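Trainee: Please take a close look with me at a single part of this model, the largest pocket. I would like to see how its lining fits in with the rest of the chain.

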Amino acid sequence: MTTQVVVFGVEGDDGLWLADLGTGTVTRIAEPLTGALASANEHRNAGATVVKGVNFAVRANSAGSVSGGFMDG
């Protein structure tokens, strides 16, 4: 199986993050962004939602709320 990674951004934070599902790590993607990633981030910061290859994502207020089964974001 190949390593799965997810690039994501959270409303209120202009930056993008990289979650490496194989290692269980999340790191901020360094600026400046270039190419299609920069373009998608510009659209996102202007209010667009960009989704490709992810079929579920919910922002939560804490890890505790997730483990309790709440989707409060």
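Mentor: Happy to! Helices and strands here are DSSP runs: a helix is H or I over at least four residues, a strand is E over at least two, and both are numbered from the N terminus. This is a predicted model, in which local features need pLDDT of at least 70 and side-chain atom pairs count only at pLDDT 80 or more, while totals for chains, interfaces and linings use all residues. Residues are numbered from 1 along each chain as its sequence is written, and side-chain values use heavy atoms, with hydrogens and water left out.

Let's set the scene. The protein has 2 helices and 3 strands, arranged along the sequence as β-β-β-α-α. Its C-alpha atoms fill a box of roughly 40 × 35 × 20 Å along the principal axes. Of its 73 residues, 14% are buried (buried means under 20% relative accessible area, exposed over 50%, partly exposed in between, with a 1.4 Å probe and protein chains only).

Now to your pocket. A pocket is an open set of points on a 1 Å grid over the protein atoms alone, where a 1.4 Å probe fits and protein lies on both sides within 12 Å along at least five of seven lines; lining residues have an atom within 4 Å of a point. The largest pocket has a volume of about 1100 Å³, counted as the space filled by probe spheres set on the points. Its lining holds 30 residues, and Val7, Phe8, Gly9, Arg44 and Val50 are those nearest the centre. Two elements, β1 (5–8) and α1 (35–45), each supply at least two lining residues, and α1 gives the most, with 5. By class, the lining has 17 nonpolar, 7 polar and 6 charged residues (Ala, Val, Leu, Ile, Met, Phe, Trp, Tyr, Cys and Pro are nonpolar, Asp, Glu, Lys and Arg charged, and the others, Gly among them, polar).

Gly9, one of the residues nearest the pocket centre, sits in the loop between β1 and β2. With a relative accessible area of 32%, Gly9 is partly exposed. From Gly9 to Gly24, 15 residues along the chain, the C-alpha atoms are 17 Å apart.

Helix α1 deserves a visit too. Leu37 lies in this helix and is partly exposed because its relative accessibility is 34%. Between Leu37 and Val26, 11 residues apart in sequence, the C-alpha distance is 17 Å. Glu42 is also in α1, and it counts as exposed because its relative accessibility is 57%. The C-alpha atoms of Glu42 and Asp14 are separated by 9.0 Å, with their positions 28 residues apart along the chain.

Just ahead in our tour is the loop between β3 (25–28) and α1, where Pro32 is found. The peptide bond from Glu31 to Pro32 is cis, with omega near 0 degrees. In general, most peptide bonds are trans.

Charged side chains round off the picture. The whole structure has 1 salt bridge, meaning a side-chain nitrogen of Lys or Arg within 4 Å of a carboxyl oxygen of Asp or Glu. Arg28 and Asp13 form it, at 3.4 Å from N to O. This pair ties together distant parts of the chain, 15 residues apart: Arg28 is in strand β3 and Asp13 in the loop between β1 and β2. Arg28 is partly exposed at 45% relative accessibility, and Asp13 is partly exposed at 23%.

Asp20, in strand β2 (residues 17–20), is buried but has no salt bridge. The nearest side chain of opposite charge to Asp20 is that of Arg28, 18 Å away (Lys and Arg count as positive, Asp and Glu as negative, with His and the chain ends not counted). The Asp20 side chain does reach the backbone nitrogen of Gly22, at 2.9 Å.

Methods: Polar contact = N/O pair within 3.5 Å; in protein donor to acceptor, adjacent residues only side chain to side chain.
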